[in-house]
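Trainee: I should like to learn how aromatic contacts are read from a set of coordinates. May we work through a case together?

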Amino acid sequence: MPERPLSAWRPLALSVLAGLALLAAFPPVGLWWAAPVGMAALFAALRRQSVRRAMGYGFVCYLVVFLPLLEWTRFLGPVPWLLLAVLQAAIAALLGPLVVAVERAVAGRRWGPALRVVGLVGAVIAVEAVRARLPFGGLTWGRLGFGQSEGPLLSWAALGGAPLVGAAVTVTGIGLLEAVRRLPRRGTARGLAPRPLALPAALLFVPALAALAVPTPVDGRPVQVAAVQGNVPGQGLAAFTEDLVVLDNHLRQTEQLAADVAAGRTPRPDLVIWPENASDQDPRRSPPTAERLDAAVEALGGQPFLFGAILRDGERSINALAIYGPGGIEGPVYAKRHLVPFGEYLPLPSLAERVYPAARTLLPRDYSPGSMVGLLELGGVPIAVGSCFEVAFDDLPRAAVRAGGQLLVLPSNNASFGRSSQSAQQLAMARLRAVEHGRSTVVATTSGISALVLPDGTVVVRSGLYESAVLTAALPRRTALTVATRYGDRVEQVLAALLLVPVFVGLRRRGRPEPADRQGPFVEDRSEPVGARPASAV
């Protein structure tokens, strides 16, 4: 092909490749190393682009990511799914102009390559921070750190949570790109000095090797845990159309657990966890619901258990997690704080109904958010709780563990999402949270995937989708706080602020180019091979 069309199509092809590679890092594929490959391809596509083109190539890349990644939202219909994917791609595409700004700021500077690494890390984390907050409280699906649950970079979560894991992925991707760019190419004239590989090699390998030294202890006094997954009678919006069926399913599995304990097949659990929405009725207002919950307590020998239910608090409906014992609901009730926009409440209802007339039909009522930190006590053990969607956000699990939670308990209801990869993606987030806070983590869902996870992110046992199961294991309870738990919010702020470093340097030294003998050790080699100029230029 002629040279000009080839160079015009290459960034677009690289953007698509980058999107496919980034997508492959997340479940159901789960190839952790694909994320650095994707970042390398994206940075290559954005090199020497205008701001407008960089925005476009970034949008293409992230549309390739979000269209399949957010496919699970199709239970609301194709329009919300497509709008959400386009919106997320548009926000993530801001990375393109930021990369251009960094490249221009460091061009020709003495420590340009090092400043480039700093600036690109800051750009990536800054855009992820924006997506995690805007609009309507944000959405974190597609965050680099959530694609590393099977890889060595996951250990960085103990020091800085998802932002630091994302930074490690970015650095590795930059190292890969620089290593490829510095490899000898065909047609290169003999006698030219090879470009140094020390910096690219360090960027490529140090993040993974250094992660091996990050401590992720799994010690602690064991506590026997049972997570109950009762299953649901249907999929999608039909999952909860039959009154009390889901509650009966969880009661049945709890009675089976009690029978296994009585027969000596299973150790007696210290903690029994039911999922979010295990009951779709308020036991304080529904006698049939209370009868079934009382039967579960009786089967457990009077032992209280954690359950999720929709409770009525005056005129408010709350998505709640509570302890149910012989006398009914015991102690404080945790009301879900980070509600799902368009799933648990309808933002901008007039506009939403105008754009999508079925919006209010699919969501007939709005839930009210709670304000209490997610700390409950079950069986004498302080547990940090968060409900479903809340696992995707840094602040709520962190606050609950800081408040004294010794286990992280994340009940969830994935029944609306069918056999999509949503539940597997959510489990990957829970595994990162386990490492981030050094806590054993319990994921109990209505229809899968439930799992018991050690503090180093190892899955001890898990269920499948749409099956009834009781998962049991002895998990360590821990009290020590990780660096990420203590300072995780500041880590994200510092990493995002790194974007300003090369920009500040570029503004400070604008118009003051450095002498050729002070260009630094890792300057890009732009020399042409001997004989590369056309004869007419001589």
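Mentor: Rings of Phe, Tyr and Trp (its six-membered ring) pair if their centres lie within 6.5 Å; planes under 30 degrees apart count as stacked, over 60 as edge-to-face and the rest as tilted. This is a predicted model, in which local features need pLDDT of at least 70 and side-chain atom pairs count only at pLDDT 80 or more, while totals for chains, interfaces and linings use all residues. Residues are numbered from 1 along each chain as its sequence is written, and side-chain values use heavy atoms, with hydrogens and water left out.

Trainee: How many aromatic pairs does a search of the whole structure find?

Mentor: The search yields 11 aromatic pairs. One of them joins W72 and W141, a tilted pair with 5.0 Å between centres and 50° between planes.

Trainee: Where in the chain do W72 and W141 lie?

Mentor: Helices (H or I, at least four residues) and strands (E, at least two) are DSSP runs, numbered from the N terminus. W72 is in the loop between α3 (51–69) and α4 (78–92), and W141 is in the loop between α6 (112–131) and α7 (157–181), 69 residues apart.

Trainee: Is W141 buried or exposed?

Mentor: Buried means under 20% relative accessible area, exposed over 50%, partly exposed in between (1.4 Å probe, protein chains only). W141 is buried at 1%, and W72 also counts as buried, at 10%.

Trainee: Which residues form one aromatic cluster with W72 and W141?

Mentor: F75, F389, F393 and F417 join W72 and W141 in that cluster.
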